[in-house]
Amino acid sequence: MILPIVGYGDPVLRKVGEAITPDYPNLKETIANMYETMYNAYGVGLAAPQVGIAIRLFVIDTTPFSDDEDLPSEEQKDLKGFKKTFINAKIVKEEGEEWSFNEGCLSIPDVREDVYRKPTVTIEYCEEDFVMKTEVFDGLIARVIQHEYDHIEGVLFTDKISSLKKRLIQKKLKNITEGKTFQEYRMKFAAAKKGR
């Protein structure tokens, strides 16, 4: 089932997600719905807070990036078919020299900004089997993980840009909060909740 994506300004996007256990209600269905919602919106990642659920869960499929011919062929191969569910994730370490990449977010439509992040990330997480593992990722895969991980920490990519750039996009952010944006995917806005 395709879920509405929560727009910028909704308090759920600022909550730190709670850890979950294998008996979390309807977990398999929630994960399946999140993938379906992400694909419907042409995203490469989606975190539970973006569908209104403040838990430590996000899903990623970087396949769309694998068509980028500006990337080295090795990275294109890594990106193709990289599909993973992250539950109760904790970033242990971020390493390397920060690099810039133009990021966007399904919860913040029509806003894209250059964000600096470290290229390598070590993360502890489990998948649906709830067996904890530690893995190291780099490049665009690491970046997508860091972006989605920020969501379960209540952080948005717009928090990572300069105050000048924030001022320049302030009107766009206000419009999103008020639901004055149109997307080809379903969204839910903070202003609509207050009006009820």
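The exercises below work through a predicted model, each with a solution in steps.

**Exercise 1. Describe the open sheet of five strands: what is its strand order, and which strands form its edges?**

Begin with the order, which reads β2-β3-β4-β7-β8, the pairing being antiparallel. The edge strands are then β2 (45-47) and β8 (133-138), since each of these pairs on one side only. Neighbouring strands of the sheet are, on average and with direction ignored, turned by 40° against each other. Turning to the edge at β2, this strand pairs with β3 (residues 57-61) in the antiparallel sense over three bridges, and A47 stands opposite F58 in β3.

**Exercise 2. Determine which strands helix α1 and helix α3 touch or cross, and at what angle each runs to β3.**

Take α1 (residues 27-40) as the starting point: this helix packs on the sheet, where it touches β2, β3 and β4 (83-95), and its direction makes about 45° with that of β3. Then consider α3 (residues 139-152), which lies across β2, β3, β4, β7 (120-126) and β8 and runs at about 155° to β3.

**Exercise 3. Classify the ring pair of F58 and F86, and explain why it ties together parts that are apart in sequence.**

The count of aromatic pairs in the model comes to seven. For F58 and F86, the ring centres are 4.7 Å apart, which meets the limit of 6.5 Å for a pair; the planes stand at 15°, and because planes under 30 degrees apart count as stacked, the pair is stacked. As for position, F58 belongs to strand β3 and F86 to strand β4, so the pair joins parts that are 28 residues apart in sequence. Both F58 and F86 are buried. Finally, ring pairs link F58 and F86 with F82, Y125 and F137 into a cluster.

**Exercise 4. Find which charged residue lies over the face of Y35 and which lies over the face of W99.**

Over the face of Y35 lies K83, at 4.6 Å from the ring centre. Over the face of W99 lies R143, at 4.3 Å from the ring centre.

**Exercise 5. Locate the kink in helix α4 and state whether the residue at its centre is buried or exposed.**

Helix α4 spans residues 163-177, and its kink, of about 50°, is centred on I169. This residue, I169, is buried, as are L173, N175, I176 and T177 in the helix. Following the chain onward, one reaches G179 just after α4, and this glycine takes a positive phi of about 80°.

Terms used: Residues are numbered from 1 along each chain as its sequence is written. This is a predicted model: local features need pLDDT of at least 70, side-chain atom pairs count only at pLDDT 80 or more; totals for chains, interfaces and linings use all residues. Side-chain values use heavy atoms; hydrogens and water are left out. The bend at a residue is the angle between axes fitted to the seven residues ending there and the seven starting there. Helices (H or I, at least four residues) and strands (E, at least two) are DSSP runs, numbered from the N terminus. Buried means under 20% relative accessible area, exposed over 50%, partly exposed in between (1.4 Å probe, protein chains only). Two strands pair if DSSP finds at least two bridges between them. Axes are lines fitted to C-alpha atoms, for helices over the stretch in contact, and angles run from 0 to 180 degrees between N-to-C directions. Contact means heavy atoms within 4.5 Å. Rings of Phe, Tyr and Trp (its six-membered ring) pair if their centres lie within 6.5 Å; planes under 30 degrees apart count as stacked, over 60 as edge-to-face and the rest as tilted. A charge sits over a ring if NZ of Lys or CZ of Arg is within 6 Å of the ring centre and within 35 degrees of the ring normal.
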